[in-house]
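Open the model in your viewer and keep the selection panel at hand. We will go from helix to helix.

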Amino acid sequence: MHWFAKFKLRYKLMMAFAGVLMAMSLLRFVSMSSMSSVNDASQEISDHWLASEALVAKMRASAGDVRGFEGQHILSTEASDIAKYDQQINGLVDDVRKAMDAYAAFAKTSQDKALLDDFKAAWASFWQASQSMLALSRENRNDEARALMTGATHQEYLRVIDTLN
């Protein structure tokens, strides 16, 4: 460091400021590249994960609503009430199908696609069992419909919910 002592104060200060300037430039470069990766990750979360989670929540809520209206359907004995619940159930089933189709666009990985296929199979099985139960309810065979509601369709519904969790 003997060579450094020979410099005038002016040159020593210029070298010190140049060193600080280079360190700040390096820090700027590192922070900008880090911010870019953080921005990319937040874009992925906002564009993919949040939207797909909203669709899963929509499917879960609609499936639960279908289940609730099925119970109301079985408890009803008036044809007008039964028709009203049929209409509400069919609207919710359409909502599930739309959400399922929209979710398919977000299922990019093989794991996501497998989970979607599991849900589709569980939903088809649940809906088939539900249609049998609702047919009994329309015929006012409510005891048989109630038995299905607490038996086979309940197990199918739990399978649907498990695939969404």
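What covers the buried residues of H3? Helix H2 (9–75) and helix H4 (110–138) are included in that cover. Before selecting them, note that this is a predicted model, in which local features need pLDDT of at least 70 and side-chain atom pairs count only at pLDDT 80 or more, while totals for chains, interfaces and linings use all residues. Residues are numbered from 1 along each chain as its sequence is written, and side-chain values use heavy atoms, leaving out hydrogens and water.

**Stop one: H3.** Select residues 79–106. Helices here are DSSP runs (H or I, at least four residues), numbered from the N terminus. The 28 residues of H3 should span 40 Å at 1.5 Å a residue (1.5 Å times one less than the number of residues). The end C-alpha atoms are 41 Å apart, which agrees. Now colour the buried residues (under 20% relative accessible area, 1.4 Å probe, protein chains only). Among them in H3 are Ile82, Tyr85, Ile89 and Asp86.

**Stop two: H2 against H3.** Add H2. The two helices pack at an angle of about 160°, with axes 9 Å apart (lines fitted to C-alpha atoms over the stretch in contact; angles run from 0 to 180 degrees between N-to-C directions). That makes H2 roughly antiparallel to H3 (an angle over 145 degrees).

**Stop three: H5 and H6.** Select residues 142–150 and 152–164. H5 and H6 pack at about 30°, with their axes 3 Å apart. Leu148, Met149 and Thr150 of H5 make the contact (heavy atoms within 4.5 Å) with Ala152, Thr153 and His154 of H6.

Technical notes. Buried means under 20% relative accessible area, exposed over 50%, partly exposed in between (1.4 Å probe, protein chains only). Angles under 35 degrees count as roughly parallel, over 145 as roughly antiparallel, 65 to 115 as roughly perpendicular and the rest as oblique.
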